[in-house]
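Please open the model in a viewer and keep the sequence panel beside it. The stops below each propose a selection and then describe what is found there.

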Amino acid sequence: MKATGHRQPAAVVAVLLLPLYFALLGAAPAADGPPEITGIAPLWGMSGSVLSLTIQGRNLQEASEVKFYPSTGIAVEEEPVVNSEGTIVTVKVTILVHAPLGLRLVAVRTPAGQSSLMPTEANIFKVSYAHMN
């Protein structure tokens, strides 16, 4: 067998050029696994309020849904907005006046799956009473 020089297989060249391709497009590469939530803000909301919920994490590209468990009395009012790195998701949330008080788990769904439904400090949101002055 005669050596013909240093040729790279097409697959290796394609993998090496992918980061450049995404940088030029300004798009984030596909997620490496299911979404993971590392933090939310705010951590609580008052019944009868409307707020913007920011979710931080990994593999949030193409987030299609944000859910609360249990969902009674809380409505996600719009499609999730995701930053170009796939690390931040923002949604508008309405908490009804008579929403049950207490802790709710926040989850994100992407084409790669849903974030963990195991409660942690990073994915827990609290509904509290509206304070009247």
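## First stop: Ile95 and the nonpolar core

Select Ile95 and display its surroundings: leaving aside residues up to four places away in sequence, Ile95 touches Gly45, Met46, Ser47, Gly48, Ser49, Leu51, Gly73, Ile74, Phe125 and Val127. Please bear in mind throughout that the model is predicted.

Next, extend the selection to the core. The largest nonpolar core has 19 residues, and those with the most contacts inside it are Leu53, Ile55, Val93, Ile95, Val106 and Phe125. Two or more residues of this core are given by each of β1, β3, β4, β7 (88-95), β8 (102-110) and β10 (124-128). Which element supplies the largest share of this core? The answer is β7, with four residues. As a general background to this stop, nonpolar side chains in soluble globular proteins tend to be buried together.

## Second stop: the aromatic pair

Keep Phe125 selected and add Phe68. A search of the whole structure finds one aromatic pair. Phe68 and Phe125 form this pair in an edge-to-face arrangement, with 5.6 Å centre to centre and 70° between the planes. Phe68 belongs to strand β4 and Phe125 to strand β10, so the pair ties together parts that are 57 residues apart in sequence. Are these two residues, Phe68 and Phe125, buried or exposed? Both Phe68 and Phe125 are buried.

## Third stop: the salt bridges

Now colour the charged side chains. How many salt bridges does a search of the whole structure find? The search finds two salt bridges.

Select Glu36 and Arg58, whose side chains meet in a salt bridge at 2.8 Å, N to O. Glu36 lies in strand β1 and Arg58 in strand β3, so this pair ties together parts that are 22 residues apart in sequence. Glu36 is partly exposed, at 37% relative accessibility, and Arg58 is partly exposed as well, with a relative accessible area of 44%.

Then move to Glu65 and Arg109, which form a salt bridge whose closest N and O atoms are 3.8 Å apart. This pair links distant parts of the chain, with Glu65 in strand β4 and Arg109 in strand β8, 44 residues apart. Glu65 has a relative accessible area of 31% and is partly exposed; Arg109, at 35% relative accessibility, also counts as partly exposed.

## Fourth stop: Asn59 and its surroundings

Select Asn59, in the loop between β3 (50-58) and β4. What is the phi of Asn59 near? Phi of Asn59 is near 60°, a positive value in a residue other than glycine. For context, most residues other than glycine have a negative phi.

Display polar contacts around this side chain. A polar atom of the Asn59 side chain lies 3.2 Å from the backbone nitrogen of Asp32, and the side chain of Asn59 also reaches the backbone oxygen of Pro34 at 3.3 Å. Asn59 has a relative accessible area of 18%; the residue is therefore buried, the limit being under 20%.

Add Gly33, in the loop between α1 (10-25) and β1. Gly33 counts as buried at 15% relative accessibility. Apart from residues up to four places away in sequence, Gly33 touches Asn59 and Ala112. To examine the approach of a distant part of the sequence, draw a distance from Gly33 to Pro111: their C-alpha atoms are separated by 9.6 Å, while the residues are 78 apart along the chain.

Glu62 is also found in the loop between β3 and β4. Phi of Glu62 is near 60°, again a positive value in a residue other than glycine. Is Glu62 buried or exposed? At 59% relative accessibility, Glu62 counts as exposed, because that status requires over 50%.

## Last stop: two cis peptide bonds

Finally, show the backbone at two prolines. Select Pro42, in the loop between β1 (36-41) and β2 (44-46). The peptide bond from Ala41 to Pro42 is cis, with omega near 0°.

Then select Pro70, in the loop between β4 (65-69) and β5 (74-76). The peptide bond from Tyr69 to Pro70 is cis, with omega near -10°. As a general reference, most peptide bonds are trans.

Technical notes. Residues numbered from 1 in each chain as written. Predicted model: local features only at pLDDT ≥ 70, side-chain atom pairs only at ≥ 80, totals over all residues. Heavy atoms only, no water. Buried < 20%, exposed > 50% of the residue type's maximum accessible area, 1.4 Å probe, protein only. Core = buried A, V, L, I, M, F, W, Y, C linked by side-chain atoms within 4.5 Å. Contact = heavy atoms within 4.5 Å. Polar contact = N/O pair within 3.5 Å; in protein donor to acceptor, adjacent residues only side chain to side chain. Salt bridge = Lys/Arg side-chain N within 4 Å of Asp/Glu carboxyl O. Phe/Tyr/Trp six-rings, centres within 6.5 Å; stacked < 30°, edge-to-face > 60°.
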